[in-house]
Every structure is written in C-alpha cells, then in structure tokens.
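Please open the model in a viewer and keep the selection tool at hand. The stops below proceed one selection at a time.

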Amino acid sequence: MKDQLFGKDLNELQEISLALGLPKFTGKQLADWLYKKEISSVDEMSNLSKSARELLNKKYEFGISAPSKVQVSLDGTKKYLFPTSQNKFIETAMIPDDDRKTVCVSTQVGCKMGCLFCMTGKQGFEGQLTAGEIVNQIRSIKEYGDVSNIVYMGMGEPFDNLDAVLKSLDILTSEWGYAMSPRRITVSSIGIIPAMLRFLNESEAHLAISLHTPFDEERRKLMPVQIAYPIADVVREIKGWDFGRQRRVSFEYILFKGLNDTPLHIRELVKLLSGIRCRINLIRFHPVPGTPLESPDEETINHFRDQLNDKDIIATVRASRGQDIYAACGLLSTKELVGKEG
Amino acid sequence: MAKAEEYSRADHELFSVKVIDNVEISAGVYLISWKQNGAFIPGQVVKVAIDRLQPPRIYSVCCGNIDGKINILFNIKEDGYLTPKLATAVPGDELLVSQPYGSFHGDGSPAFWIATGTGIAPFYSMFQSGLSDHKILIHGARYLNQFYFEEELEWAMGKNYVRCCSLETSCNVFHGRITNYLLEANHFPKDYKYYLCGKSLMVVEVRDLLISKGIPYENIFAEIYF
C-alpha cells in the first residue's frame with residue numbers, strides 16, 4: 001500500500017523530496033499543492049517536472065478521500081461519514097450559523113474512555129486517525145473554503161491521540177499549511193493531564209474540558225477517567241497555566257435531569273472554577289440507547305445558566321443542532337458499521 | 001514537552017524505588033514488585049515510569065495491603081515505551097513510582113467484581129486484603145492461561161469465582177465472553193455494587209447490560225485501561 005502525501009508536514013515533505021533525489025525546495029512546492037490549492041492528484045502538480053511526478057506517483061498517493069455519505073438536517077447541519085484506512089467509519093459535522101461554518105472533526109475510530117452518556121464509547125476503541133485523516137475531514141467536505149472554525153469534538157478523545165492531533169494542528173495553522181489562526185480552533189478533552197500540558201505547551205489552539213459535574217464520586221460514575229485524572233487536578237493545572245489574553249479555556253457541561261443540575265452543583269462549580277477566566281457551555285443531553293440519563297426541561301436549563309451568570313461565571317446554553325440526523329456523536333458511524341457487518 | 005516533564009516531576013511526587021522481584025506469571029504477563037512505603041486502599045492505582053522522558057503509566061496495585069510490598073500486573077505492549085523495558089527489569093533496578101491513589105475502592109459490602117485480562121489486578125488486591133466475603137468474581141479471558149491467580153481464587157472463593165473463556169474450553173470454565181455469561185445468568189441483586197475493570201469495550205458492554213437488567217447506574221463503578 002502506498003504512503004500518503006496529504007497529512008505530511010513540511011519537514012517530512014522535504015525529506016521525501018531529498019530521498020527521491022529531488023531538490024529540497026520541492027518539499028515546499030508539495031506543501032503548496034497539498035494545502036493551498038484544490039487539486040486531488042500528483043499529476044496536477046504542474047510546476048513539478050514530469051519525472052518528479054512519476055517518482056512521487058510510484059511511492060505515494062495524494063491521500064485525500066471523499067465522504068461516503070452525507071446527511072443534511074432541516075437546520076442546515078450536515079453530518080459526513082468518512083471511511084478510514086482501517087475499513088471503519090468516522091463522522092464529521094458541519095454546523096452553519098449565520099456567517100460561520102464550524103466543522104467538528106473526529107480524532108479516533110471509537111473511543112477508550114467509556115463515558116456513560118456517550119454513543120461513540122459504545123463502539124469501543126478501534127483505532128487512531130492519522131493527521132491526514134483528521135485534516136481530510138475539513139479538506140474533503142463541500143464547505144471547504146468557507147470553514148470559519150474547527151472544533152475537535154467529534155469521535156474519540158483528542159489527547160489519547162495527541163501526536164496526530166498536534167501534527168494536524170500544525171498543518172492547519174502553519175504558514176506552509178492552511179495558515180488558519182489557532183484562535184479559530186478548539187480542542188476538547190476529558191482532561192488527560194500529561195497530554196493536556198503538552199498540548200498547551202506545543203499548540204496555541206483553545207482548550208475545552210468536559211466537566212459535567214464538579215463532584216468526584218458523581219464524575220467517576222459518568223466518566224471513568226476521573227479515577228486516573230480527577231477534575232480537581234485538571235483544574236489545578238489549568239489555574240497554573242498562563243493562557244494570555246487571546247487563548248481561551250472553556251468547560252463543557254452536559255445537563256442531566258436531577259443529577260447535576262442542582263443549586264449544590266452551582267455552588268461547587270463556582271468554587272472549583274474560581275480564579276479562571278473561562279466560560280461554561282451548557283449542553284442539552286440527547287439520550288443515547290441504553291443510557292439511563294435524561295435531559296432536564298428548558299426552564300431548569302435556563303435557570304442553571306442564569307444562576308451561574310449571577311455568580312460571575314459566563315455560561316451559555318449551546319443550541320442543539322442536527323437532531324434529525326443522528327446528532328449524538330457516533331450514532332451514524334455505529335449504524336453504518338452494523339449495516340456493513342450485518 | 002517541558003511542562004509535561006514538570007508534571008511528571010511534581011505529579012504525586014514520583015519517587016525512586018528498587019525492584020525486588022519481577023516474575024513472568026504467564027506468557028508476556030509480569031508481576032513486578034517493590035517495597036511498600038505507606039498504606040494503601042485495595043483497588044487503588046500507582047503511576048509507574050522508568051525515566052523522566054515519558055509521562056508515567058497508571059496500574060492497579062495487585063497485592064494485599066498488608067503484604068509489605070506493591071505488586072503491579074502488566075502485559076507487554078510491543079509498541080509501547082514502558083512495558084518492554086519494565087519486563088527486563090531485575091531485582092535492584094530502579095523505577096519511578098507514585099504513592100497509591102485513586103477512588104476505585106473495595107469494601108465489605110456485597111458486590112460483583114467483573115474483570116477481563118489484567119483487569120483482575122484490583123480485585124486480587126481486594127481479595128488478598130480480606131474483602132472477598134459476599135463477593136462474586138467473574139473473570140473473562142481469551143485463553144485458559146490468562147486466568148491469573150486462579151488456583152488460590154478457586155480454592156478460596158469456590159463457586160463465587162467464575163471464569164469465562166472465549167477461545168478455549170475446560171471443565172468448570174464457562175465457554176464464551178463475559179457478556180454471554182451475564183446474559184444467561186439471572187440473579188443480579190439491585191442493591192449489590194458492581195465493580196468493572198478492563199478494556200473500554202468490555203466495561204461499556206457490561207455496564208449497558210447491567211443497566212438493561214435494572215441495576216441502577218449509581219451502583220456500577222468502572223475502571224478502564226486507557
């Protein structure tokens with residue numbers, strides 16, 4: 001099987017060029033073709049000699065792949081299904097909102113983290129995505145070119161595939177790559193501390209942490225990661241990090257009826273997050289099969305938000321999008337996989 | 001990487017210990033030991049590293065809390081950084097470890113202990129610490145040689161020790177996966193606690209299955225190998 005050019009960084013492209021007996025600057029030309037122009041084959045790289053293209057074609061393929069399926073919601077949200085090199089499927093969501101188009105990318109096939117409320121976890125872990133497979137989710141959708149923001153909130157835990165995630169961020173934000181501002185990219189994690197610190201050190205993208213409850217015992221039952229990396233430790237590390245004026249940290253909080261939506265939770269959240277300039281994104285829970293959790297009503301959700309705002313914590317309720325197209329992450333790819341295996 | 005290294009240095013105060021024993025108890029599976037330095041609660045975990053170059057990995061303690069040592073059970077990940085080196089450690093070699101910590105605690109109340117593979121470790125620690133009364137231990141493995149500590153567990157727990165083997169058969173061993181066993185079994189008291197330890201897919205499948213049998217999710221405690 002041929003190696004893929006798409007997903008290589010500038011250093012790797014320069015090494016490939018030298019190994020093929022081509023000048024080092026060919027690496028930069030390759031990066032231009034891969035990340036700045038809308039072509040899909042080596043043969044279209046018109047400023048390379050014919051012999052250079054033949055050499056490249058012998059050992060490499062371009063490396064982008066089209067989605068195999070797309071579903072469109074009544075609200076304009078799209079869910080793309082991409083096949084992976086391991087014969088599995090991943091999902092990518094494109095969420096339009098006024099003049100913004102946000103793409104939500106996956107970083108793994110399945111997930112190891114086993115959160116009680118998550119559909120992706122029910123697939124188990126089936127493999128890591130490469131940097132190319134992550135960036136391809138942006139490059140190969142119809143809206144490529146109009147994408148304003150990227151969130152790493154799709155299938156998988158980004159900090160459990162950190163090398164590929166950092167490399168994809170490098171491709172997206174470097175001058176030789178897509179040259180996007182890292183301030184338009186948010187990476188969301190459940191808080192694997194050593195990887196989080198490396199991410200903060202080696203990237204400029206925003207950080208979002210899945211919090212969901214400030215109480216240790218409750219969080220253990222929702223998110224087994226709490227046993228290894230308690231949220232109090234995650235927050236302590238965040239408090240010790242200088243985010244500067246532009247970089248943001250936010251916390252994701254899915255509201256579950258009667259479980260984490262009480263005044264006690266508000267009080268504890270205020271205590272936990274004091275001293276951090278942050279925002280809490282409150283998320284409505286959309287039930288997934290086999291999960292005994294429910295969403296509270298709108299009044300409770302809005303009251304929870306208002307109570308946090310009254311305590312000087314900026315909290316917003318995230319709009320639910322694409323509910324009619326299996327909005328819960330992992331549902332579409334699980335169905336596709338079951339269909340394929342059946 | 002600098003900050004991650006700083007974290008390794010500060011995190012739970014990794015300190016140096018000397019290996020006192022390292023035994024391959026089954027093909028590719030090792031039990032490595034060092035001297036206990038302070039108390040721990042059965043079910044807790046320790047962080048283990050062999051140098052400051054990579055963040056530590058987390059393992060369940062796999063011995064009783066009065067043994068005077070800490071054991072961990074690990075299998076070799078061929079592409080891993082730590083375990084191939086850990087497997088070659090001999091008595092006197094240095095490791096970097098943390099004090100035991102974590103909240104996957106066993107206690108004296110009735111419970112099911114459900115594990116696959118090396119996920120048996122926290123339950124073996126609870127068993128060795130005298131917490132096996134009113135417990136049912138269900139251990140799943142692909143091969144018969146992966147039922148670590150089976151002789152002493154069978155001797156002490158009798159019918160409350162259930163082995164499920166998916167790829168080989170033997171008398172007194174259920175042939176199939178843990179989930180097959182749980183589907184066939186009927187008696188799952190709602191007031192028992194259910195402790196699960198192993199790979200994520202097993203934990204997620206068993207948790208869903210227990211919930212479908214009416215077990216409140218509040219009574220299910222999961223530890224997943226990341």
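Begin by selecting chain B, which is divided into domain 1 (2-97) and domain 2 (111-224); domain bounds come from an automatic or database domain assignment. This is a predicted model, in which local features need pLDDT of at least 70, side-chain atom pairs count only at pLDDT 80 or more, and totals for chains, interfaces and linings use all residues. Residues are numbered from 1 along each chain as its sequence is written, while chains are lettered from A and ligands numbered from 1 in the order in which they are written.

**Stop 1: the two domains of chain B**

Colour the two domains of chain B separately. Their centres, taken over C-alpha atoms, are separated by 24 Å. Where they meet, 16 residues of domain 1 of chain B are in contact with twelve residues of domain 2 of chain B; two residues are in contact if their C-beta atoms, placed from the backbone, lie within 7 Å. On the domain 1 side, β1 (15-26) and β5 (69-75) of chain B are the elements that give two or more residues. Helices (H or I, at least four residues) and strands (E, at least two) are DSSP runs, numbered from the N terminus. The most comes from β5(B), with three residues. This side of domain 1 of chain B comprises nine nonpolar, six polar and one charged residue. Here Ala, Val, Leu, Ile, Met, Phe, Trp, Tyr, Cys and Pro count as nonpolar, Asp, Glu, Lys and Arg as charged, and the others, Gly among them, as polar.

**Stop 2: the antiparallel sheet of chain B**

Next, select the strands in the order β4-β3-β6-β1-β2-β5 (chain B), which form an open sheet of six strands with antiparallel pairing. Two strands pair if DSSP finds at least two bridges between them. At the edges stand β4 (57-60) and β5 of chain B, each with a single partner strand, so one side of each has no neighbour in the sheet. On average, neighbouring strands of this sheet are turned by 45° against each other, direction ignored. Axes are lines fitted to C-alpha atoms, for helices over the stretch in contact, and angles run from 0 to 180 degrees between N-to-C directions.

Now restrict the view to strand β2 (residues 29-35) of chain B and β5(B), which pair in the antiparallel sense over seven bridges. Which residue in β5(B) stands opposite Ser33(B)? Selecting Asn71(B) shows that partner.

**Stop 3: the parallel sheet of chain B**

Select the strands in the order β10-β9-β8-β7-β11-β12 (chain B): this open sheet of six strands has parallel pairing. Its edge strands are β10 (174-175) and β12 of chain B, each of which pairs on one side only. Strand β7 (residues 111-116) of chain B runs parallel to strand β8 (residues 135-141) of chain B, and six bridges join them. Ala115(B) stands opposite His139(B) in β8(B). Add helix α4 (residues 150-157) of chain B, which packs on the sheet and touches β8 and β9 (161-165) of chain B; the direction of this helix makes about 140° with that of β9(B).

**Stop 4: where the chains meet**

Show both chains. The contact takes 26 residues from chain B and 23 residues from chain A. On the side of chain B, α1 (2-10), α6 (200-212) and β12 (220-224) each supply at least two residues. The largest share, seven residues, comes from α6(B). By class, this side of chain B has 17 nonpolar, five polar and four charged residues.

**Stop 5: chain A and a helix pair**

Move to chain A, which is divided into domain 1 (3-61) and domain 2 (69-341). The centres of these domains, taken over C-alpha atoms, are separated by 34 Å. Their contact takes eight residues from domain 1 of chain A and twelve residues from domain 2 of chain A. Helix α2 (residues 25-35) of chain A gives the most to the domain 1 side, with three residues.

Finally, select helix α4 (residues 131-139) and helix α5 (residues 162-173) of chain A, which pack at an angle of about 45°, with their axes 8 Å apart. That angle makes α4(A) oblique to α5(A); angles under 35 degrees count as roughly parallel, over 145 as roughly antiparallel, 65 to 115 as roughly perpendicular and the rest as oblique. Ala131(A), Ile134(A) and Val135(A) in α4(A) meet residues of α5(A) including Ala164(A), Val165(A) and Lys167(A). The residues of this contact divide into seven nonpolar, one polar and one charged.
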